[in-house]
Amino acid sequence: MLGDAQLSNRPDKTHRVCAKCGVTVFADSPRGFCSVCLFRSGLGLLDDDGQYGPSPIDMEFGDYELLEEIGRGGQGVVYRARQKSLNRTVALKVIGLGRWSSKPHLRRFRHEAEAAASLEHPQIVPIHEIGERDGSCYFSMKFIEGGRLDEVVKREPMSARRAAELLAKIARTVQFAHEHRIFHRDIKPGNILLDKNGEPHLTDFGLALLIEQESTITNSFEVLGTPSYMSPEQAMGHAKELTPAADVYSLGAVFYHMLTGEPPFAGGTTYETIRMVLESEPRNPRTRNAKIDLDLAIICLKCLEKNPAKRYSTAKELADDLDRWLRHEPIHARRIGVFNRAGKWVRRNPVITTLAAVIVVLAVAVGTMLWRTFGQRLPQSGIAVLPFENLSDNKTDASFVDGLQDDILTKLAKISGLKVISRTSVMQYRGERNMRKIADALRVSHLLEGSVRKTGDRIHLNAQLIDARTDTHVWAEQYDRALPDVFAVQTDIAQKVVNRLSAKISGGKESDRGKANSRLTSVRNVSSREATPPRYSPPRPLRYTEGNRSD
Amino acid sequence: MLDRSRPPNDKGSLSTISGTTQSGAVAFATTHWSIVLTAQGESPAAREALEKLCRTYWWPLYGFVRRQGSKPDEAQDLTQGFFALLLERKDLDAVRREKGRLRCYLLTSLKNFLAKARRRELALKRGGGQALVPLDELIARERADLEPADSLTAERIFERRWALTLLEQVLTRLEREYQSVGNAKLFDCLKEFLCDEPGCRSQAELAVELGMTENAVKQAFHRLRQRYRQLLRDEISQTVAVPGDVEDELRHFISVLQT
């Protein structure tokens with residue numbers, strides 16, 4: 001058997017050195033060519049390829065004179081061209097035939113062109129002509145002199161305000177398309193052009209799918225769109241099940257890129273990127289850029305929720321929230337509850353979570369032992385029940401919402417030993433977002449805030465207990481109940497608040513246990529409206545998206 | 001005219017690429033390797049696809065075996081035996097773990113195979129007489145003694161040969177396309193521009209030689225290069241399962257051949 005030494009004892013059959021790249025070209029190189037240069041040519045990396053910059057091609061394509069290649073996408077090449085008959089500059093997208101241009105591919109192209117041509121909007125690049133020529137399909141569109149959004153962001157970081165303004169416009173453009181039953185499905189910075197005036201224009205409806213058609217163009221093997229800006233449901237190939245929320249996701253990813261300079265997910269390969277889209281939580285944009293406003297980060301992350309139901313349900317809602325931010329008004333998107341945030345953190349850090357759980361168990365054991373020894377008293381720090389926000393479409397529900405808050409306040413006020421600020425004092429803080437400021441003014445340690453949406457005979461309520469001293473959520477709950485259950489909800493909220501503020505009832509003195517029980521009982525019994533004992537049922541996850549309201 | 005379906009000619013047709021793999025908008029279900037990856041259980045299509053891929057890429061595998069220290073006939077037996085065993089396999093879970101690149105999968109499988117192989121079992125596993133490793137070509141290449149072996153590891157030889165095999169496949173396909181429409185001479189003249197090495201004749205000089213305008217030569221080369229790129233990516237796509245891996249493979253080969 002030949003050893004390595006013997007194998008290597010052969011004369012070096014050097015052929016020559018490549019005059020372009022300097023690599024040694026051996027005799028086994030195909031046709032005597034430099035294989036490195038051949039591969040680089042295949043990638044389009046050689047100097048005169050023009051792949052990464054405009055280069056004159058000087059070619060004819062029917063009525064069009066191709067001037068330079070300006071883009072390359074999954075379905076075709078885009079040229080800057082001159083339409084000879086009208087002597088105007090256009091952008092010409094061409095898809096040729098060959099192995100990559102299967103019938104599904106061509107059908108998709110036709111859908112793209114027809115869908116885009118039907119839309120007339122100042123922020124959508126207008127289509128001039130659609131056609132086929134010598135086995136190739138093409139469409140010509142208005143040439144936007146400017147640059148792609150990704151190029152602009154790369155050149156110069158964009159201010160948060162500017163980013164919010166742009167995204168709001170783009171979101172409304174997408175909403176327009178959705179109202180005409182057209183999804184974009186490939187929203188990314190590369191498909192957003194900025195003209196000379198800095199106005200955005202949406203292009204490349206390459207994956208537009210008319211939702212009223214039963215299309216079989218895409219199957220589970222074809223995942224269309226750019227992975228970094230693709231929604232999880234799109235990445236999984238659920239083309240037929242896409243909703244407007246998929247485009248909302250992509251808008252959020254674009255926004256993330258504008259704010260941080262990077263997409264939310266970018267793996268080394270398409271495979272890795274898709275895996276991240278499906279499995280990973282996006283990093284808070286504020287960790288990449290601490291200057292990003294908290295509310296903008298909230299808006300961005302809401303768009304990037306894995307569950308479509310948790311995003312803005314329409315692009316318009318997204319645009320509306322951005323406009324609120326621009327007007328310095330409170331946004332509707334909520335910071336995710338402490339439980340949801342914890343859940344996402346656990347998914348990101350399973351090992352640390354396990355260790356932390358062990359530590360917590362030990363700490364609870366020690367803490368319980370200490371509590372049994374020294375007892376625990378109800379803290380005399382106080383709570384203020386802030387006016388709940390009315391998210392209902394019907395403005396007349398405001399009085400219902402106020403009444404709900406008032407009932408909870410009343411229940412808590414009857415708990416002995418618990419300082420509860422009066423309704424009169426708290427109402428002035430309606431809409432105020434600075435928790436610490438409120439707590440300092442009212443001299444309380446805790447604040448209870450919430451939002452209510454009444455739809456038909458159901459209410460959706462979100463309540464949060466905040467420790468104003470540390471500005472942290474102590475407790476949060478979402479309720480989705482039938483209207484008759486509102487009393488039980490109020491009681492449950494009050495009970496939970498008391499539980500949080502009271503001592504743990506376990507192994508304490510009999511007298512202490514009795515006092516705690518009586519407090520809980522008083523919570524249950526206090527209600528002038530309760531004709532029958534309230535019916536308690538475990539809270540169910542809120543089904544609607546927070547801040548989901550159309551103006 | 002814009003036409004990429006017909007073989008290139010110099011009558012003014014323009015070829016374009018229908019797309020890179022960046023957005024993944026490609027019907028990968030039809031590529032050989034993706035068929036193998038998605039085959040469930042015994043699938044004639046998967047077996048045929050895998051066999052075709054093995055026939056194409058036996059040379060780099062053989063080179064690996066040789067570099068591990070086997071004599072030519074021994075290496076041929078081992079490589080042949082490896083292919084036979086591969087084609088009998090029904091469990092492709094390991095393939096999916098390799099993220100779907102045929103090159104990585106074959107190398108890993110071959111290493112495992114070599115570690116376990118014994119000569120008696122190889123004699124029994126010669127694929128029922130079906131020779132996937134062409135002996136005459138093997139001998140010719142061995143005698144030509146063409147490649148550097150001094151400082152290359154077995155893996156490096158494998159990677160290098162894989163890249164060169166791929167290129168040879170592409171150039172052969174491209175040449176055949178031009179030959180089929182009577183443009184063999186045009187191909188012979190234009191192909192040298194693919195590498196754009198200094199010292200080659202200019203396109204203007206070629207235009208004079210071929211009796212064409214310089215612009216026509218320019219266009220003809222543009223079509224050839226576009227078609228070359230398509231075929232190169234197509235060839236790579238046969239060995240990967242994810243569209244985005246095509247670009248990765250291309251860059252990987254460049255780095256392999258540069259060292």
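Two residues are in contact if their C-beta atoms, placed from the backbone, lie within 7 Å. With that rule, helix α5 (residues 160-179) of chain A lies across β11 and β12 of chain A. The helix runs at about 30° to β12(A). This is a predicted model. The predictor gives the complex an ipTM of 0.74 and a pTM of 0.42.

**The sheet beside helix α5**

- In chain A, three strands form an open sheet in the order β9-β11-β12.
- The pairing in this sheet is antiparallel.
- Its edge strands are β9 (147-148) and β12 (200-202) of chain A, and each pairs on one side only.
- β9(A) pairs with strand β11 (residues 192-194) of chain A over two bridges, in the antiparallel sense.
- Which residue stands opposite A:Gly147 in β11(A)? The partner is A:Leu194.

**The nonpolar cores**

- The largest nonpolar core has 71 residues.
- Residues with the most contacts inside this core include A:Leu92, A:Leu167, A:Phe255 and A:Cys303.
- Which helix gives the most to this core? Helix α7 (residues 244-260) of chain A does, with 11 residues.
- The core draws on two domains of chain A: at least three residues come from each of domain 2 (59-142) and domain 3 (147-215 + 223-333).
- Another core, of 64 residues, lies apart from that one. Among its residues are B:Tyr62, B:Val170, B:Val242 and B:Val246.

**A closer look at A:Cys303**

- Leaving aside residues up to four places away in sequence, A:Cys303 touches A:Val248, A:Tyr249, A:Leu251, A:Gly252, A:Phe255, A:Arg311, A:Tyr312 and A:Leu318.
- Among these neighbours, A:Leu251 and A:Phe255 are also listed with A:Cys303 as having the most contacts inside the largest core.

**Chain B: helices and contacts**

- How many helices and strands does chain B have? There are 13 helices and zero strands.
- Read along the sequence, chain B goes from α to α throughout its pattern.
- Chain B has 259 residues, and 47% of them count as buried.
- Take the contacts in chain B between residues at least 6 apart in sequence: 69% of these join residues at least 24 apart.

**Chain B: confidence**

- The mean pLDDT of chain B is 72.
- In chain B, 64% of the residues reach 70 or more.
- Over residues 1-30 of chain B, pLDDT stays under 50.
- For that stretch, the model has 113 contacts beyond four places in sequence.
- Where pLDDT is low, the predicted coordinates should not be read in detail.

How values were computed:
Residues numbered from 1 in each chain as written. Chains lettered and ligands numbered in written order. Predicted model: local features only at pLDDT ≥ 70, side-chain atom pairs only at ≥ 80, totals over all residues. pLDDT = per-residue confidence, 0-100. Core = buried A, V, L, I, M, F, W, Y, C linked by C-beta atoms within 7 Å. Buried ≥ 20, exposed ≤ 12 C-beta atoms within 10 Å, placed from the backbone. Helix = DSSP H or I, 4+ residues; strand = E, 2+ residues; numbered from the N terminus. Domains from an automatic or database assignment. Pairing = 2+ DSSP bridges. Axes fitted to C-alpha atoms, helices over the stretch in contact; angles between N-to-C directions.
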